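Please open the model in your viewer, with the sequence panel beside it, and follow the stops below in order.

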Amino acid sequence: MRKLSIIIPTLCLAAAAAPTAAWAGANCKAYPKAEWMNEAAAKAKIEAQGFAITKFKVDGNCYEIYGKNEDGKKVEIYFDAKTLDVVKSEIEK
């Protein structure tokens, strides 16, 4: 019994200390919603940049898209909801 009582807390501690960066979103600046770019206008502007959007959503203070770039590679991109500047992006290699 003693060994088990030592192993379980150790496993819990290891799981709690595991890195979570892969799960983290982007850190967009907070603006009042009235200052955000309209979603339809944001989608149109993003598509005009060559992206095919398969999913568009609000994540915290960001607009987030899943889709493909003009080279056909999968992308996940977070945009500033007011300026539409790219805050964070992941592109398939």
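**From the hairpin outwards**

Begin by selecting Val-75 and looking across to S4, where its bridge partner is Ile-91. Keep in mind throughout that this is a predicted model. The pair you have selected belongs to the contact between S3 and strand S4 (residues 86–91), which run antiparallel and are joined by five bridges. Follow the chain around the hairpin of S3 and S4, which has five residues between the strands, and stop at Leu-84, which takes a positive phi near 65 degrees.

**The segment after S4**

Next, select Glu-92, which lies in the segment after S4. Is this residue buried, exposed or partly exposed? Glu-92 counts as partly exposed, because its relative accessibility is 37% and the partly exposed class lies between 20% and 50%. If you display its surroundings and set aside residues up to four places away in sequence, Glu-92 touches Gly-72, Lys-73 and Lys-74. Lys-68 can be added to the selection for a distance check, since the C-alpha atoms of Glu-92 and Lys-68 are separated by 9.0 Å, with their positions 24 residues apart along the chain.

**The whole sheet**

Now colour the strands, and an open sheet of four appears in the order S1-S2-S3-S4, with antiparallel pairing. Strand S1 (52–59) and S4 stand at the edges with a single partner strand each, so one side of each is left without a neighbour in the sheet. From one strand to the next, the twist averages 15 degrees. Move to S1 and S2, which pair in the antiparallel sense over seven bridges, and select Lys-57, which stands opposite Glu-64 in S2. Then show H2, which packs on the sheet and touches S1, S2 and S3, its direction making about 140 degrees with that of S1.

**The core**

Display side chains for the largest nonpolar core, which has 14 residues, and pick out Ile-46, Tyr-63, Ile-65, Phe-79 and Leu-84, the members that touch the most others. H2, S2 and strand S3 (74–80) each supply at least two residues of this core, and S3 gives the most to it, with three residues.

**The disulfide**

Finish with the one disulfide that the structure holds, formed by Cys-28 and Cys-62 with their sulfur atoms 1.8 Å apart. The pair links distant parts of the chain, 34 residues apart, with Cys-28 in the loop between helix H1 (2–17) and helix H2 (39–48) and Cys-62 in strand S2 (residues 62–68). Turn the view to look along the S-S bond, where the link of Cys-28 and Cys-62 is right-handed at 110 degrees; both cysteines, Cys-28 and Cys-62, are buried.

Key: Residues numbered from 1 in each chain as written. Predicted model: local features only at pLDDT ≥ 70, side-chain atom pairs only at ≥ 80, totals over all residues. Heavy atoms only, no water. Disulfide = S-S within 2.5 Å. Buried < 20%, exposed > 50% of the residue type's maximum accessible area, 1.4 Å probe, protein only. Core = buried A, V, L, I, M, F, W, Y, C linked by side-chain atoms within 4.5 Å. Pairing = 2+ DSSP bridges. Contact = heavy atoms within 4.5 Å. Axes fitted to C-alpha atoms, helices over the stretch in contact; angles between N-to-C directions.
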